[in-house]
Amino acid sequence: MTDKLQKPNILITGTPGTGKSTTSEMVAELLGYNLINVGEIIKSEKLHDGHDAEFDTYWLNEDKVLDHLEPLLANGANIVDYHSCDFFPERWFQLVVVLHTQTEKLYDRLVARNYNEKKISENMQCEIMMVVADEARASYKEEIVVELDSNTVDDMENNVNFVSNWINTNYPQLE
């Protein structure tokens with residue numbers, strides 16, 4: 001994958017409940033990009049090593065996921081939605097967006113998803129400790145990592161506009 005694809009690949013990441021999927025869907029629709037929901041692909045393509053009942057999640061098989069995604073990302077024009085980012089190769093993404101949500105709002109969103117208390121607690125701790133943001137900053141060049149608030153519908157719309165403006169600035173041939 002080259003550093004300057006005709007159209008970029010963008011990773012939208014953050015703790016579960018921060019609005020990744022909604023924001024990713026909105027960006028993909030606006031730009032006409034492919035939406036890649038990694039969590040759904042892991043389930044549908046069985047790119048895991050079993051299920052963890054305690055946290056109601058799958059044990060990720062990183063090699064299987066990477067092998068599956070590599071050809072999908074080769075030509076650019078993808079919005080990738082996933083709650084983790086440190087195992088993706090740096091060369092895959094030209095922009096990494098980390099979404100943050102205030103803990104009160106995040107808690108309500110996780111409860112609305114019927115997450116069990118242990119899973120809620122772990123995700124709340126991850127957001128408070130900024131685990132995903134730290135992973136992104138450690139895994140990608142500083143200039144491609146952007147952290148954005150995702151508390152309201154207005155925030156989500158602003159985030160979609162941010163990504164669109166970023167593309168227009170950095171990939172002007174696409175205007």
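Begin by selecting Ile128, Met129 and Val131, which together make a nonpolar surface patch of about 290 Å². Keep in mind throughout the tour that this is a predicted model. Within the patch, Val131 belongs to helix H6, which covers residues 131-139, and with a relative accessibility of 30% Val131 counts as partly exposed.

Stay on helix H6 and show the side chains of Asp134 and Arg137, which meet in a salt bridge with an N to O distance of 2.3 Å. The two residues are 3 apart in helix H6, and therefore about one helical turn separates them. Arg137 is partly exposed at 40% relative accessibility, and Asp134 is likewise classed as partly exposed, at 38%.

Now add Glu147 to the selection, because the side chain of Arg137 also forms a salt bridge with Glu147, at 2.4 Å from N to O. Here Arg137 sits in helix H6 while Glu147 sits in strand E7 (residues 145-149), so this pair ties together parts that are 10 residues apart in sequence. Glu147 is itself partly exposed, with a relative accessible area of 33%. Viewed together, Asp134, Arg137 and Glu147 are linked in a network of salt bridges.

The count of salt bridges comes to 4, and another one of them is found by moving to helix H2 (residues 38-44). There Glu40 pairs with Lys43, the closest N and O atoms being 3.6 Å apart; since these residues are 3 apart in the helix, they are separated by about one helical turn. Glu40 has a relative accessible area of 46% and is partly exposed, as is Lys43 at 40% relative accessibility.

Next, select strand E5 (78-81) and look at its two sides. Which residues cover each face of E5? Asn78 and Val80 lie on one side, Ile79 and Asp81 on the other, and all of them are buried. In a regular strand, side chains alternate between the two faces of the sheet.

To see the neighbours of E5, display strand E1 (residues 9-14), which runs parallel to E5 and is joined to it by 4 bridges; Asn9 has Asn78 as its bridge partner in E5. Strand E2 (residues 34-37) also runs parallel to E5 and is joined to it by 4 bridges, with Asp81 of E5 as the bridge partner of Asn37.

Finally, follow the chain from E5 into the loop that leads to strand E6 (95-100), where Asp86 is located. Asp86 is partly exposed, at 41% relative accessible area, and with Glu62, Asp63 and Asp67 it forms a negative surface patch.

Methods:
Residues numbered from 1 in each chain as written. Predicted model: local features only at pLDDT ≥ 70, side-chain atom pairs only at ≥ 80, totals over all residues. Heavy atoms only, no water. Patch = residues over 30% accessible without salt bridge, like charges linked within 9 Å, V, L, I, M, F, W, Y side chains within 5 Å. Areas by Shrake-Rupley, 256 points an atom, 1.4 Å probe, with all protein chains shown as cover. Lys, Arg positive; Asp, Glu negative; His and termini not counted. Charge placed at Lys NZ, Arg CZ, Asp CG, Glu CD. Buried < 20%, exposed > 50% of the residue type's maximum accessible area, 1.4 Å probe, protein only. Pairing = 2+ DSSP bridges.
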